[in-house]
Amino acid sequence: MLLVLLVLVLASGLTTAAIYDGNANGVSDVWEARYGIANPSVGADADGDGQSDLEEGQNGTNPWDADSTLVLSISEAVLAKPFVSWESKEGKLYQVEGLNPEGGWEALGSEVIGSGASVGFSHEDYLPSGVMAYRVLVVGEEALRPEIEETLGLIDTDGDGQDDWTEWQAGSSLIDPAEQFGIGTVGFQNAVILSWPTVAGMRYRVESMDGGPWEEVEGVFRGNGGLQRVAVECPGTTEMFRLVVEAPDSDGDGLTDWEEELAGLDPQHPNSREVERTDLEVVIDELGQGGEITLEACEPVLNLALGGEGAVRVRREGGFRELTVPLVVGGNAVGGVDYEALPGSVTLPFGVNELEIPVRLLGGPPPSETKHVEMALGGAAGYQLGGVVERSVTLLKENLINVHDYGALGDGVADDGAAIQAAINALESSSTFNGLYFPAGTYRLKTLIGTVNAFRLLELGNQDLAGRDIVLKGEAGAVLYSDVGFYRASMLLCKAGFRTLSARDLRFEQSPTPLWPTPNYEPNGSDGVTVSLKDGRRVEKVSFEDCEFINCHRSVSINGRGYDVRGLCGVAEFEGCQFLNPYGANTSNGGTAWGGGQQVYMTAWVAEARYRNCLFDGGSEDMTDASTAPGGHLKDGGHFGYPLRLDFRDNIVRRMGIEAIFQINFTTLMGATVTSFTVPPADDVTEATLTVDTTPSTYVPGETIVIRTPLTPGMSPSNNLFTIRAFDPGSRELRISNPGHPGNLTAGSTIATGRTIYLDERSEATIAHIEGNLLEGSVPPGGVAGATRSGISYAARATIVRNLIKDHGWGIYGQEEVISIQHPSGRGSVLRGNVVITSDSRIYDQVFTYGITVAGSEERVEDNLVYTPASRKMVGILLRKQRAHVGGNTVISMEPLVNGYTSAVRAVGIGMDNSSSDTRAAGNRTSGFDVGIGPAKAFQFPPYYVESHESANDVLSIDTHGLIAE
């Protein structure tokens, strides 16, 4: 008979030194603010679970939930049942499966969380006639592209018989044949199943005693907020168990991981909310504040023909405290009749910075006409209202003009331009119609509208469309097709005076005849659709769903320039669209023209850009036909621009000539000079006078601007910082002084007209989230691509996770900041869990190949997998700035070459250049390089730290030049 004596040890060994305890009462101030209990006492027990509020505060548990209590329980004591154990990795999830007599695998029990040591599973429901065999699967916490599994499943780097996909998922070493993932033991054993509620961010150790000292039996379990269950082999007759709780601070910012989880911060990043302050500093400054609240129309239209939901988003800037904000609902749509009634207030929980309010239809018939739901936030104590607190959702009943009714034929022969323009004009004049319908057919466009530098074939928005939601809808097979004329012309120009614009199921195609050239400039200016700023009004959303763009230059431009109009186009969204350029740049001087243009371009006029399940292709599988692809230049890139926020997920980007995705940082663009001027003396007093263009930007005296001189023959590019002294908005006359920035041109130099101006105050970097994409860069026969092609280029505060990037010279490339000199844009970026397979550096020998490079400070490069075909003239991960954290990465050369330490073509797995400092590397693996980790070039001394580096087949594992500690 198995006898188990259970000893409950509450918070034994709990680390409290790192908590934020401003009132010095032994309990985290974050916990107190989250649960609304100040100075918890040992005499109070809010949830009646037997543990005092003080104990719960010390353990991090929820004092209002009796199920959230630090208690170690025995849920089962199992005698002589099958017991399966395996070596686990901390935080990984595992599922034990059994093979039944019918030959099928079935899941047994719940998932098991790895501890970094051997963990066990006891099959307490086992019957002799049941399971015949066992296996353990690694459960992916988040979905990864299937192409990653397909690719890595073909590689076995260490030759141990287990493919790289299996080992990478399991967290095993891909370069050590002695380390494999698999079941360690299977046998009939006595066991106990222990369980306890966990707190997200805490770590737990199980220890046992059997007549001797306490011993760790299961490693470290990472709390996730759920119930932890673990089977422990128990061969003795009497055994005691206890739980030891730890509160780590993984990012070293002075807040424990569980405090950061409570506050909605990233426990793996010390600057997860902003780059200028650590998370601890933000908490100290803002813990009791409510912040500034605004309202956004993230889904401003609920199309009654399509269903779904409309939505507005409450967004908080700053602060942590829980807020209940009054919500005033109006409009001619009736809650409970036309849509599900909305509450009179909305609550932002503690630490939550945004929350969507959905607008849903009722179960019955939808409204018979277009109606509107209007919402406004009310004021109350504890927070401030931002500039935008009123938004609406349209319940849209489509009422579309059939373009055939205005003479369009769609036969692929007749010029339908005038007829479609007539339908557009009728739509604009109508008070009842809200869109156009294109039956199946090919609508040929030859008619040219416009004047020099403003050419378009069709134009929407000549009349005022204020408050209107415009729909462009195609039947399957509806194609707008444009011929090539002498002038470059956009197929459809949309002047953005509307509330929303949506297009779906339409194909915009241009002739394969090469376009006439634009010497020394990208071959753009012949868009499929151009959406342009009309005036200072706000556009809620521009969306394209299931649309195709073929051979357009660009496919879509969403373009509004000027600092004062930043974010006034709320959302630009692409869902299920295809952007195809089978002929690449397709320009008559394609052999000499620079670049091939971008497929989608947008500016900081766009607050939020979203891409989902789209396909971008910059060339066909064969581009040897010079009549359609002269010079063979591939299209430059897929997404290119600087919306304030980019969300790019689950897309495929193939065969781009320069970059697949490029999020730049021109958000501070103010305009350009229209007169030349002479640089004044560097005394910040003497003034120079110039005139600026009419781009809608306000120049504020005392602020700093950057006037950039570009790279020109005989002159290097420069960023010139000047102080604004005065500005006349009527004449556009600007007076500036020279504060003597080291990069400025010398006094007396002339800066020519047409130079771009950026603001260097109020400088907010663009935000990019790029996740789960396939970026494939192979060059087709006849195709020509840049030697420095990158899968992802960013000059933004980026989160780049779980992408597969193949056959690019630079997999992920962090751009050096060239605009906001005093406010670098890439600081604090996170690159995590990506798989990069670079192109062969022996093919593009004129440049170095890089798997990942970062150029911002405080960036984190973690758990990425980088392959290169051969270790020649390449760096797997290159760090170029300060305080980068590089951890858990694996960098592999599939064909190790020995080039020599001082060779100009030497290869480095993880390298730092001379501009980097305070790089911290921990738990990385390299294989097959001249240098595993160290300076990117020989005999340099960038200061860096290394902890537990694993090397295989590297000539030199660690280059000690610059090494501070190992």
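In this predicted model, V403 lies in the loop between β21 (400-402) and β22 (411-415), and with a relative accessibility of 0% V403 counts as buried. Leaving aside neighbours within four places in sequence, the residues in contact with V403 are A408, A423, L436, Y437, F438, P439 and Y443. T442, which is 39 residues from V403 in sequence, is 12 Å from V403 in space, C-alpha to C-alpha.

A second buried position is S482, which lies in strand β27 (residues 478-482) and has a relative accessibility of 2%. Apart from its neighbours within four places in sequence, S482 is in contact with L445, L457, M491, E509, Q510 and S511.

**The chain as a whole**

The secondary structure of the protein chain comes to seven helices and 73 strands. The radius of gyration is 31 Å, close to the 30 Å that the globule rule gives for 966 residues, so the chain is as compact as a globular protein of that length. Along its principal axes the C-alpha trace spans about 95 × 75 × 70 Å, and 56% of the 966 residues count as buried. Among contacts with a separation of 6 or more, 75% are between residues 24 or more positions apart. The accessible surface comes to about 36,200 Å², and carbon and sulfur atoms account for 51% of that area.

**An enclosed strand**

Strand β63 (residues 874-879) is largely enclosed by the rest of the structure, because six of its six residues are buried. Strand β60 (residues 849-854) pairs with β63 in the parallel sense over five bridges, and in this pairing Y850 stands opposite V875 in β63. Strand β66 (residues 908-912) also runs parallel to β63, to which it is joined by four bridges, with L878 standing opposite G911 in β66.

**Salt bridges**

Side chains of opposite charge can pair when their charged atoms come close. The structure holds 56 salt bridges, and three of them are set out below with the distance between their closest N and O atoms.

| Salt bridge | Closest N and O atoms |
|---|---|
| E356 and R313 | 3.6 Å |
| E354 and R315 | 3.0 Å |
| R883 and E858 | 2.5 Å |

The pair of E356 and R313 links distant parts of the chain, with E356 in strand β17 (residues 354-360) and R313 in strand β14 (residues 309-317), 43 residues apart. E356 is partly exposed at a relative accessible area of 46%, whereas R313 counts as buried at 5%. E354 lies in strand β17 and R315 in strand β14, so their salt bridge ties together parts that are 39 residues apart in sequence. Here E354 counts as partly exposed at 38% relative accessibility, while R315 counts as buried at 16%. These four residues belong to a network of salt bridges that links E296, E299, R313, R315, E354, E356, K541, E573, E608, R610 and R645.

R883 lies in the loop between β63 and β64 (885-887) and E858 in the loop between β60 and β61 (860-862), so this pair ties together parts that are 25 residues apart in sequence. R883 counts as partly exposed at 43% relative accessibility, and E858 is buried with a relative accessible area of 10%.

**A nonpolar surface patch**

L448, Y487 and W516 form a nonpolar patch on the surface, with about 270 Å² of accessible area together. W516 is placed in the loop between β30 (507-510) and β31 (529-533), and its relative accessible area of 31% makes W516 partly exposed.

Terms used:
Residues are numbered from 1 along each chain as its sequence is written. This is a predicted model: local features need pLDDT of at least 70, side-chain atom pairs count only at pLDDT 80 or more; totals for chains, interfaces and linings use all residues. Side-chain values use heavy atoms; hydrogens and water are left out. Patches are made of residues with over 30% relative accessible area and no salt bridge: like charges are joined within 9 Å, nonpolar side chains (Val, Leu, Ile, Met, Phe, Trp, Tyr) within 5 Å. Accessible areas come from the Shrake-Rupley method with a 1.4 Å probe; for residues, only the protein chains shown count as cover. A salt bridge is a side-chain nitrogen of Lys or Arg within 4 Å of a carboxyl oxygen of Asp or Glu. Helices (H or I, at least four residues) and strands (E, at least two) are DSSP runs, numbered from the N terminus. Buried means under 20% relative accessible area, exposed over 50%, partly exposed in between (1.4 Å probe, protein chains only). The radius of gyration is taken over C-alpha atoms; the globule rule is 2.2 Å times the number of residues to the power 0.38. Contact means heavy atoms within 4.5 Å. Two strands pair if DSSP finds at least two bridges between them.
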